[in-house]
Amino acid sequence: MSEIVAADIGGTHARFALAEVAEGRVVALGEVCTLGTSDYPDLEGAWQEFARRIGRPLPSDASVAVAGPVGDGPFRLTNGDWVVNFANIRSALGVERCRVINDFGAVTYAVENLGARHFRQLCGPESPLPDEGVISIVGPGTGLGVAQLVRRGGGSQIVETEGGHIAFASLDPVEDRTLARLRARFGRVSIERIVSGPGLANLYEGGIRYSDDKALWDAALSGEDDRAGEALDRFCLALGSVAGDIALAHGADAVVIAGGLGLRLADRLSSSGFRDRFVAKGRFKERMEAIPVKTVTHPQPGLFGAAAAFAEEFVE
C-alpha cells in the first residue's frame, strides 16, 4: 500500500487529496481540499497551502492532473493564469515520483476504473459500458474536455484530445444569431465557447447582470430567471449536438458525460432536447440511437483518475 498526493488542477479550482493505491488500483481517496486558483500565484503556492492544512509532511509521491496539453516544458493553464513547468515539477513540489496527466485524461482513467454503480443512465440503451470498443468522454466544466477510452483485446488505451476546441456549428436560426454575435467578439468560435461553464453567459441574453458565472448557473437551474432558463435549454441542445458529433468522429460505442457540470445537469439533460440533438445525425440516426449515454456520479473523478493513473504506472 502506498500513499500519494492526488491533485486536479483546473482553471477555476485546484483540488488535492491524499490517496492510497495498491496493486495497480485506487484503494481509498481521502478528504478533498479545494482551493481557488486565483487565490494563489502558482501550483507550488497551492501545494504548500494543502500541506499546511494537512498539518503533516506530504507523501513523497504525487499524481497531478492539469488543464492543458502535457509536455516537457512550461505551459499556461488553458483557462487559467498559472504556468506549470513539467521539466522541474518534481523538484518544485518536493516529491520523488510524479505522474503528470491531462485533467481530462484523468477523468478518463476514472471512467476506466470506476464500477458500474458510479454511472447514471442519461439516454439510449440501458446497457453497461462496453468491454470492447470506443467510449467517448465529454466534459463541460471551466472548459470542455474530450477524450477517448479504447478497449481492445482485453486491454485499454486512453487518448487525450483537445476536441473542445473544434469549431461550433449552428443548427437553427437561434444558433445562427448566437454564432454571428460570438464571432464578432471572438473571431473563431469553438464549441468550448458554448458548451462550458462560461458558455452559459455567452448564450444568455437577459436583462439581469450577474456577478459571476456561478450566480447565472444558480439562477438558470433554480428557475428564478426565465431567460437564464432558456439559455440553459440552449446549452443542453448544444451539448447534445456536440456529444453526438464527437461520438461520430470517434466511432464511439458509448458516451460518458463528465466534467464539473455533468452530474449537476443530469436531471436537466434527461428532460431536455439533449437526446434529440444527440441522435439527429441524418443517415446515422439509427446508429446514434444504439449508443448508451451515461454520466459519472463519483464526486471527484479527476482526483480518483489521477490516483488511478499513478497506480497504473508505478504500483504493481
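**Exercise 1.** Which residue is the bridge partner of Val256 in E14?

*Solution.* This model is predicted: local features need pLDDT of at least 70, side-chain atom pairs count only at pLDDT 80 or more, and totals for chains, interfaces and linings use all residues. Residues are numbered from 1 along each chain as its sequence is written, and side-chain values use heavy atoms, leaving out hydrogens and water.

Step 1. Helices (H or I, at least four residues) and strands (E, at least two) are DSSP runs, numbered from the N terminus. Two strands pair if DSSP finds at least two bridges between them.

Step 2. Strand E13 (residues 254-257) pairs with E14 in the parallel sense over three bridges. The partner of Val256 in E14 is Lys294.

**Exercise 2.** Describe the other pairing of E14 and the burial of its two faces.

*Solution.* Step 1. Strand E9 (residues 119-123) runs antiparallel to E14, and four bridges join them. Arg120 stands opposite Thr295 in E14.

Step 2. In a regular strand, side chains alternate between the two faces of the sheet. In E14 (residues 293-296), Val293 and Thr295 lie on one side, Lys294 and Val296 on the other, and all are buried. Buried means under 20% relative accessible area, exposed over 50%, and partly exposed in between (1.4 Å probe, protein chains only).

**Exercise 3.** Locate Ser196 and describe its surroundings.

*Solution.* Step 1. Ser196 is found in the loop between helix H4 (173-186) and helix H5 (199-203). Ser196 is buried, with a relative accessible area of 2%.

Step 2. Its side chain reaches the backbone oxygen of Glu192 at 2.7 Å.

Step 3. Not counting residues up to four places away in sequence, the residues that Ser196 touches (heavy atoms within 4.5 Å) include Pro140, Trp217 and Phe235.

**Exercise 4.** Characterise the aromatic pair formed by Trp217 and Phe235.

*Solution.* Step 1. Rings of Phe, Tyr and Trp (its six-membered ring) pair if their centres lie within 6.5 Å; planes under 30 degrees apart count as stacked, over 60 as edge-to-face and the rest as tilted.

Step 2. The structure holds six aromatic pairs. Trp217 and Phe235 form an edge-to-face pair, at 5.1 Å centre to centre with 85° between the planes.

Step 3. This pair links distant parts of the chain: Trp217 belongs to helix H6 (residues 213-222) and Phe235 to helix H7 (residues 226-250), 18 residues apart. Both Trp217 and Phe235 are buried.

Note on methods:
Polar contact = N/O pair within 3.5 Å; in protein donor to acceptor, adjacent residues only side chain to side chain.
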